[in-house]
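Reader: I would love a close look at the empty space inside this protein. Could you walk me through what surrounds it, and then show me how the rest of the chain is arranged?

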Amino acid sequence: MKKIIALVMTTILCLMNFQGVFASEVNSSDSTTPLEKRTTYVSTTTVYIDGEALEVPVEMPLTQSYSSYSNDDIVSDVQRVYIPFTEEAKENNSSVVNSIKYARGSSGFSTKDGYIYFESTLNYKRDYYNNNYAYPRIDLISFKLDREIYTKAPFRGFKNATATAYQLGTRGSGGDLSVLDQKKTYSSFSYGTTQTVPSSWVPVLTVGTDYNRGVSYSIPLLYLDSSKDTTLTYFHEAK
């Protein structure tokens with residue numbers, strides 16, 4: 001009996017640790033709750049500064065919010081990307097990224113000094129081709145980009161961002177395998193405003209393809225020293 005109890009407790013602990021590393025899903029309405037009031041985990045992602053790749057911290061809710069309608073799931077995926085802007089933060093960013101990888105999502109990013117964040121919310125529908133779970137599909141609905149309110153040096157201001165929504169790929173297995181080239185550019189939209197994706201777009205498969213599905217942002221970063229002005233590019237993928 002003691003061996004059985006010990007085995008059960010070990011299994012429970014393993015499941016708890018597993019949840020601490022990987023995001024799970026809950027049927028919830030908390031997609032409108034600020035990220036600061038939600039349980040989050042930290043990972044890393046790649047952005048581009050004037051075309052040069054840079055790995056940076058990204059903070060996400062531990063539980064992914066979605067609502068179920070019929071056979072579809074409406075997913076609200078939030079990602080907060082941190083960009084180093086002080087010289088000290090830029091120099092230490094590699095160490096910060098390595099600490100996050102070592103911590104495997106539980107910590108590793110305790111101080112955010114010298115970083116500014118941009119937060120993307122991507123809403124999309126998820127279903128299955130012919131109700132076959134082997135063929136998941138996504139259909140973009142809308143997206144929103146927020147930024148940290150920062151009025152101190154070294155920034156002199158923030159221009160509106162631009163974005164391109166992509167929903168490329170095939171509609172299903174068998175039959176018509178032509179690639180759907182669905183994309184739209186959004187010029188100079190305001191932070192904190194929701195941008196809708198054309199409702200006429202057709203859902204596309206998410207497996208077995210290498211096509212873009214999500215939103216690519218282009219964000220101008222304006223410094224007091226205009227010679228340091230840069231453009232941040234970041235892709236938020238729908239999965």
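**The cavity and its surroundings**

Author: Happily! In this predicted model, the largest cavity holds about 50 Å³ of space. A search of the whole structure turns up 1 cavity of 30 Å³ or more. As background, rolling a probe the size of a water molecule over the atoms shows where empty space is left.

Let us go around the wall. The lining of the largest cavity is made by Val81, Ile83, Phe118, Glu119, Ser120, Leu145, Tyr217, Ile219, Leu232 and Tyr234. Four elements give two or more residues each to this lining: strand E5 (72-84), strand E6 (115-128), strand E13 (213-223) and strand E14 (230-237). The largest share, 3 residues, comes from E6. In character, the lining divides into 8 nonpolar residues, 1 polar and 1 charged.

Now step back to the chain around the cavity. It has 2 helices and 14 strands. Of its 239 residues, 43% count as buried. Among the contacts with a separation of 6 or more, 65% are made by residues 24 or more positions apart. The accessible surface of the chain comes to about 13,400 Å², and 51% of that belongs to carbon and sulfur atoms.

Strand E6 is a good thread to follow from here, as this strand also takes part in a salt bridge: Arg137 and Asp127 meet through their side chains at 3.1 Å, N to O. Arg137 lies in strand E7 (residues 136-147) and Asp127 in strand E6, so the pair ties together parts that are 10 residues apart in sequence. How accessible are the two partners? Arg137 is buried, with a relative accessible area of 15%, and Asp127 is buried too, at 12%. Buried here means under 20% relative accessible area, so both partners fall below the cut-off.

The structure holds 6 salt bridges, and two others make a nice contrast in setting. In general, side chains of opposite charge can pair when their charged atoms come close. One of these bridges joins Asp146 and Lys144, with the closest N and O atoms 3.8 Å apart. Asp146 counts as partly exposed at 22% relative accessibility, and Lys144 also counts as partly exposed, at 26%.

The other bridge takes us to a helix. Lys90 forms a salt bridge with Glu87, and their closest N and O atoms are 3.9 Å apart. Why do these two sit about one helical turn from each other? Because they are 3 residues apart in helix H2 (residues 87-103). Lys90 counts as partly exposed, with 40% relative accessibility, and Glu87 counts as partly exposed as well, with 47%.

One last stop is a loop. Lys159 lies between strand E8 (155-157) and strand E9 (161-169). At 51% relative accessibility, Lys159 counts as exposed. Leaving aside residues up to four places away in sequence, Lys159 touches Tyr191, Pro220 and Leu222. Lys159 and Ser188 are 29 residues apart in sequence, and their C-alpha atoms are 8.0 Å apart in space.

To return to where we began: the cavity of about 50 Å³ has a lining with 8 nonpolar residues, and E6 gives 3 residues to that lining.

Notes
Residues are numbered from 1 along each chain as its sequence is written. This is a predicted model: local features need pLDDT of at least 70, side-chain atom pairs count only at pLDDT 80 or more; totals for chains, interfaces and linings use all residues. Side-chain values use heavy atoms; hydrogens and water are left out. On a 1 Å grid over the protein atoms alone, a cavity is a set of points where a 1.4 Å probe fits but cannot get out, and a pocket is an open set with protein on both sides within 12 Å along at least five of seven lines; lining residues have an atom within 4 Å of a point. Grid points are joined across faces, edges and corners, and a volume is the space filled by probe spheres set on the points. Ala, Val, Leu, Ile, Met, Phe, Trp, Tyr, Cys and Pro count as nonpolar, Asp, Glu, Lys and Arg as charged, and the others, Gly among them, as polar. Buried means under 20% relative accessible area, exposed over 50%, partly exposed in between (1.4 Å probe, protein chains only). Contact means heavy atoms within 4.5 Å. Accessible areas come from the Shrake-Rupley method with a 1.4 Å probe; for residues, only the protein chains shown count as cover. A salt bridge is a side-chain nitrogen of Lys or Arg within 4 Å of a carboxyl oxygen of Asp or Glu.
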